[in-house]
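Here is a short report on a protein model and its ligand. Start with the view below, then read on.

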Amino acid sequence: MSFDLLVDLHKGNARQGPGGDGQTRLAMALAGLSDVSRRLRIADIGCGTGSSTLVLAENPGADITAIDLIPAFLEVLSARAGRGGFSNRVATLACPMDDLPFEENSLDVIWSEGAIYNMGFEKGARYFRRFLTSGGILAVSEITWLTQDRPEELARHWTKEYPEIASAAEKIRVLEELGYALTGYFPLPESCWLENYYDPLEKGFASFLVRHQTDEARSIIDAEMAEIALYKKYHDHIGYGFYVARKV
Ligand SMILES: C[S@@+](CC[C@H](N)C(=O)[O-])C[C@H]1O[C@@H](n2cnc3c(N)ncnc32)[C@H](O)[C@@H]1O
């Protein structure tokens, strides 16, 4: 599947996955970061066009490196950071999340909304831990089963798309086994999927198909529409969990 098509479909949007500014702030509160006045070295990994980065930057002590594989997303992020007056504290870096240039024990916070799945939750949480200071914070959101009974159609789709999909209890156990202590967990509300992510994405489908009149473009849109329909049908069973944990 063409990378360029996916970038074109997503780069005009504020988010490339489910999330919300209020939920980023809630996770910051659960991390104990809301009223920290000291300087914080933060990496926002898989930041996309940077909605979480901009919320993190509201803390005047935050020095953020926003990392993504896709330079086009980072260009959008840089422009947004400039408009927010955060350019002096937000740097961007195009690099793969499994090859980070940081020193060990050098980051106070690793943030990653809807992106750790690219490495896999367990592999990513294990790899990121080495870069955190003792007591440093890992905050990640990740697709999560909300119930134990799962409709067959839903289970088949997501187990194929992401075999590591699991319940919050299983994800939290993984974090604890890797040497983290949980400081908070919450599931994202439906508005984070529908209003903040799927609705703006859907609005771009028609113009995308005008720009790209190919079978591949059509199949990308068909796949997005199928995923949206599946979410709308089964949102009681599937969500995004926000996991906030401290390195111990
Ligand atoms: C589902 S999007 C989430 C983006 C953003 N955090 C948000 O919530 O809107 C996943 C992001 O991870 C990035 N990504 C995918 N694979 C990556 C990798 N190996 N290294 C770094 N970033 C990656 C994608 O470019 C994309 O921006």
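## A buried loop residue

Ile165 counts as buried, because its relative accessibility is 9%, and the cut-off for buried is under 20%. The model shown is predicted. Ile165 is found in a loop. That loop runs between α6 (152-161) and β6 (166-167). Phe121 is 44 residues away from Ile165 along the chain. In space, the C-alpha atoms of Ile165 and Phe121 are separated by 8.9 Å.

## Two partly exposed residues

Asn105 also lies in a loop, the one between β3 (90-94) and β4 (107-113). Its phi is near 55°. That is a positive value in a residue other than glycine. Asn105 has 46% relative accessibility, so Asn105 counts as partly exposed.

Gly22 has its place in a helix, α2 (residues 21-30). Gly22 counts as partly exposed because its relative accessibility is 41%. Partly exposed covers the range between the buried cut-off, under 20%, and the exposed cut-off, over 50%. How far apart are Gly22 and Met97 in space, C-alpha to C-alpha? The distance is 25 Å. Along the sequence, Gly22 and Met97 are 75 residues apart.

## The ligand and its surroundings

Met97 comes up again at the ligand. Where does the ligand sit? The ligand sits in the largest pocket. Around the ligand there are 18 residues. The closest are Gln16, Gly46, Asp68, Met97 and Glu113. By class, the shell has 9 nonpolar residues, 6 polar ones and 3 charged ones.

Three polar contacts can be listed atom by atom.

| Residue | Protein atom | Ligand atom | Distance |
|---|---|---|---|
| Gln16 | polar backbone atom | oxygen | 2.9 Å |
| Asp68 | polar side-chain atom | oxygen | 2.6 Å |
| Leu69 | polar backbone atom | nitrogen | 3.3 Å |

Gln16 offers a polar backbone atom to an oxygen of the ligand. Asp68 uses a polar side-chain atom, also with a ligand oxygen as partner. For Leu69, a polar backbone atom pairs with a ligand nitrogen. How much of the ligand's accessible area does the protein cover? On its own, the ligand has 590 Å² of accessible area, and the protein covers 88% of that.

Terms used:
Residues numbered from 1 in each chain as written. Predicted model: local features only at pLDDT ≥ 70, side-chain atom pairs only at ≥ 80, totals over all residues. Heavy atoms only, no water. Near = heavy atom within 4 Å. Polar contact = N/O pair within 3.5 Å; in protein donor to acceptor, adjacent residues only side chain to side chain. Areas by Shrake-Rupley, 256 points an atom, 1.4 Å probe, with all protein chains shown as cover. 1 Å grid on protein atoms, 1.4 Å probe; cavity = no way out; pocket = protein on both sides within 12 Å on 5 of 7 lines; lining within 4 Å. Sits in = over half its atoms within 2 Å of the grid points. Nonpolar A, V, L, I, M, F, W, Y, C, P; charged D, E, K, R; others polar. Helix = DSSP H or I, 4+ residues; strand = E, 2+ residues; numbered from the N terminus. Buried < 20%, exposed > 50% of the residue type's maximum accessible area, 1.4 Å probe, protein only.
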